[in-house]
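The following exercises ask the reader to work from a sequence and its structure. Each task is followed by a solution in steps.

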Amino acid sequence: MVAFTSAQSGKLPRRALSEEAYEHVRRGLIRSRYRSGERLVLRPLAAELGLSPTPVREALLRLVSEHALELNDRNTAVVPAMTQRSFAEIHDLRVDLEMRLAAAAAQRATEHGIEALVILQHQFMDASRMRDDGGMAAFNADFHTTVATIAELPLTANILRNLWMRIGPLYALSRPMVQAAHDGRSHPHDDLITALRQRDVAAAQVAVTRDFEHARRWIEPRLS
């Protein structure tokens with residue numbers, strides 16, 4: 001996201017500036033820009049965005065109210081730490097939600113939507129080959145949120161994005177990331193794309209399940 005210039009920020013009402021700051025941090029959480037335990041210090045973040053502290057403070061407090069951030073004893077916003085118990089709960093919720101979204105996407109996917117997933121998967125695999133952990137995490141999140149958009153279940157998709165705000169920093173903390181190879185098998189993302197092309201609901205759900213099991217086996221040991 002490009003930072004605002006002072007001229008741009010002067011033309012926008014504070015509510016719009018707060019919304020832009022909120023979306024910037026929210027997207028950063030989802031795409032693993034921030035790590036679990038990382039502090040989001042108000043003034044440096046405001047300077048990064050080219051904004052005054054007030055709308056940025058409002059954005060951070062909004063994320064605190066959504067449990068995506070916490071306030072420490074110095075009243076600084078912090079990305080929450082992840083426990084084994086929290087991860088297990090979020091993992092189970094994501095499996096349930098993404099199974100629903102994959103089934104709906106298999107019924108509603110258009111060629112345009114499928115092509116967007118193909119591009120993201122190519123970017124994900126390229127990042128894996130270059131051992132670009134940040135790129136892998138970002139493109140993986142973008143792939144899953146795009147499936148949610150294709151499903152046309154906006155309430156379910158929004159709940160999923162809120163969960164991604166909690167899980168994204170865990171991917172950042174768990175670097176170096178596992179490479180995209182799956183024991184010589186096709187990647188679950190590729191299987192999901194094939195299932196969407198064929199409008200195969202069952203195959204789409206199998207692909208999602210395999211993807212989550214792979215992620216769980218990789219992440220869980222890093223929480224101990």
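A residue counts as buried when its relative accessible area is under 20% and as exposed when that area is over 50%. Because Trp218 has a relative accessibility of 8%, Trp218 counts as buried. The model under study is predicted.

**Exercise 1. Overall architecture**

Determine how many helices and strands the chain has, and in which order the elements run.

Solution.
- Step 1. The chain contains ten helices and three strands.
- Step 2. Read from the N terminus, the order is α-α-β-α-α-β-β-α-α-α-α-α-α.
- Step 3. The chain has 224 residues, and 48% of them count as buried.
- Step 4. About 11500 Å² of the chain is exposed, with carbon and sulfur atoms supplying 52% of that area.
- Step 5. Among contacts with a separation of 6 or more, 75% join residues 24 or more positions apart.

**Exercise 2. The aromatic pairs**

Find the aromatic pairs in the whole structure and classify each one.

Solution.
- Step 1. A search of the whole structure yields two aromatic pairs.
- Step 2. For Trp164 and Tyr171, the ring centres are 5.9 Å apart and the planes stand at 20°; planes under 30 degrees apart count as stacked, so this pair is stacked.
- Step 3. For Tyr171 and Trp218, the centres are 5.6 Å apart and the planes stand at 50°, so this pair is tilted.
- Step 4. Tyr171 belongs to helix 8 (residues 154-173) and Trp218 to helix 10 (residues 201-219); the pair therefore ties together parts that are 47 residues apart in sequence.
- Step 5. Trp164, Tyr171 and Trp218 form one aromatic cluster.
- Step 6. Trp164 and Tyr171 are both buried; the relative accessible area of Tyr171 is 5%.

**Exercise 3. Charges over rings**

Identify which ring Arg62 lies over and which ring the charged end of Arg94 sits over.

Solution.
- Step 1. Arg62 lies over the face of Tyr22, 3.6 Å from the ring centre. Tyr22 is one of the buried residues of helix 2.
- Step 2. The charged end of Arg94 sits over the ring of Trp164, at 4.4 Å from its centre. Trp164 is also a member of the aromatic cluster with Tyr171 and Trp218.

**Exercise 4. Helix 2 and the nonpolar core**

Describe the length of helix 2 and its buried residues, then state which residues touch the most other members of the largest nonpolar core.

Solution.
- Step 1. Helix 2 (residues 14-30) has 17 residues and spans 24 Å from its first C-alpha to its last, close to the 24 Å expected at 1.5 Å a residue.
- Step 2. Its buried residues include Leu17, Ala21, Val25, Gly28 and Leu29.
- Step 3. The largest nonpolar core has 62 residues, and those that touch the most other members are Leu29, Val56, Leu60, Leu192 and Leu196.
- Step 4. Leaving aside residues up to four places away in sequence, Leu29 touches Tyr34, Leu63, Ala68, Leu69, Val79, Trp164, Met165, Gly168 and Pro169.

**Exercise 5. Two buried helix residues**

Locate Ala102 and Ile193, and state what each touches.

Solution.
- Step 1. Ala102 lies in helix 5 (residues 84-108) and is buried, with a relative accessible area of 0%.
- Step 2. Not counting residues up to four places away in sequence, Ala102 touches Val147, Leu192, Leu196, Ala204 and Val208.
- Step 3. Ala102 and Gln205 are 103 residues apart in sequence, yet their C-alpha atoms are 6.1 Å apart.
- Step 4. Ile193 lies in helix 9 (residues 188-198) and is buried, at 6% relative accessible area.
- Step 5. On the same sequence condition, Ile193 touches Ile114, Leu117, Val118, Gln121 and Phe143.
- Step 6. Ile193 and Ala204 are eleven residues apart along the chain, with 8.0 Å between their C-alpha atoms.

**Exercise 6. Positive phi values**

Are Ser32 and Glu152 buried or exposed, and what is the phi of each?

Solution.
- Step 1. Most residues other than glycine have a negative phi.
- Step 2. Ser32 has a positive phi near 65° and lies in the loop between helix 2 and strand 1 (39-40). Because its relative accessibility is 1%, Ser32 counts as buried.
- Step 3. Glu152 has a positive phi near 60° and is found in the loop between helix 7 (133-151) and helix 8. At 54% relative accessibility, Glu152 counts as exposed.

Terms used: Residues are numbered from 1 along each chain as its sequence is written. This is a predicted model: local features need pLDDT of at least 70, side-chain atom pairs count only at pLDDT 80 or more; totals for chains, interfaces and linings use all residues. Side-chain values use heavy atoms; hydrogens and water are left out. Helices (H or I, at least four residues) and strands (E, at least two) are DSSP runs, numbered from the N terminus. Buried means under 20% relative accessible area, exposed over 50%, partly exposed in between (1.4 Å probe, protein chains only). Contact means heavy atoms within 4.5 Å. Accessible areas come from the Shrake-Rupley method with a 1.4 Å probe; for residues, only the protein chains shown count as cover. Rings of Phe, Tyr and Trp (its six-membered ring) pair if their centres lie within 6.5 Å; planes under 30 degrees apart count as stacked, over 60 as edge-to-face and the rest as tilted. A charge sits over a ring if NZ of Lys or CZ of Arg is within 6 Å of the ring centre and within 35 degrees of the ring normal. A nonpolar core is a set of buried Ala, Val, Leu, Ile, Met, Phe, Trp, Tyr and Cys residues joined through side-chain atoms within 4.5 Å. The expected span of a helix is 1.5 Å times one less than its number of residues.
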